[in-house]
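Here are some notes to read alongside the structure. Have it open in front of you and follow the points in order.

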Amino acid sequence: MKREPLPDSLINILLPLTLIFGLVFLLSLDVGDGNAEVSSTPLESWIKFIVGYLAAGAEIAAAIVIGTAVVRGIGAYLRQFFSRTRQHYDSTESIRLQLGRVLALGLEFTIASDILRTAVAPTRQDILNLGAIVLLRTLLNYFLEREIRQGEERRYSDREPK
């Protein structure tokens, strides 16, 4: 396994730590009464109504994408498990990497949904909540992408003739 240069390894350590500290900071903030009712115009009510449906559509898309990938992954695993060839590790790793890519896409859909829900007349508490959610999902996505990249590097290094 080759060593990473010092700046890359520092980024791999500092970025997740910064995201974690940012998440803890956002969750510790208290902005007071976030339930204060704000008067809204009829146009704003319609926009909130439409954006609510768009956000629900993004959540449904995330569920469909992730659900479909899980079913396909289980099917591929079962086919590989009951087949006569025994390339178990390579096939399992491939299935895991494909599922990881789709999970990253599903996280992007859920982030889009959260942004849409906060887009129309947000309060300060809504913005802080969105920031915390986006930071948490970005942190999950970062580790997922890193795991996928490492898995792909292992697959390519195993395929190369020595």
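The points below start with the whole chain, then turn to one helix and its aromatic residues.

1. First, a caution: this is a predicted model, so please read every value here as computed from that model.

2. On the overall layout, the chain has 4 helices and 0 strands. If you walk along the sequence, you meet the pattern α-α-α-α.

3. How much of the chain is buried? Of its 162 residues, 23% are buried. As for the surface, the accessible area of the chain is about 11,800 Å², and carbon and sulfur atoms contribute 65% of that area.

4. Contacts are worth a look too. Take the contacts in the chain with a separation of 6 or more: 81% of them join residues that sit 24 or more positions apart.

5. Now to helix H2, which covers residues 42-82. With 41 residues at 1.5 Å a residue, H2 should span 60 Å. The C-alpha atoms at its ends are 60 Å apart, so the expected span and the model agree.

6. Which residues of H2 are buried? They are Val-51, Ala-55, Ala-58, Ala-62, Ala-69, Gly-73, Ala-76 and Gln-80. Try colouring these on your screen.

7. Next, the aromatic residues. The structure holds 5 aromatic pairs. One of them is Tyr-77 with Phe-81: the ring centres are 6.0 Å apart and the planes meet at 25°. Planes under 30 degrees apart count as stacked, so this pair is stacked.

8. Why are Tyr-77 and Phe-81 separated by about one helical turn? Because they are 4 residues apart in helix H2. Tyr-77 has a relative accessible area of 31%, so it is partly exposed. Phe-81 is partly exposed as well, at 39%.

9. Phe-81 also pairs with Phe-82, and this pair is edge-to-face. The two ring centres lie 5.1 Å apart, with 80° between the planes. Is Phe-82 buried or exposed? Its relative accessibility is 63%, so Phe-82 counts as exposed.

10. One last group to find on your screen: Trp-46, Phe-49 and Tyr-53 form one aromatic cluster.

Technical notes. Residues numbered from 1 in each chain as written. Predicted model: local features only at pLDDT ≥ 70, side-chain atom pairs only at ≥ 80, totals over all residues. Heavy atoms only, no water. Phe/Tyr/Trp six-rings, centres within 6.5 Å; stacked < 30°, edge-to-face > 60°. Helix = DSSP H or I, 4+ residues; strand = E, 2+ residues; numbered from the N terminus. Buried < 20%, exposed > 50% of the residue type's maximum accessible area, 1.4 Å probe, protein only. Expected span 1.5 Å × (residues − 1). Contact = heavy atoms within 4.5 Å. Areas by Shrake-Rupley, 256 points an atom, 1.4 Å probe, with all protein chains shown as cover.
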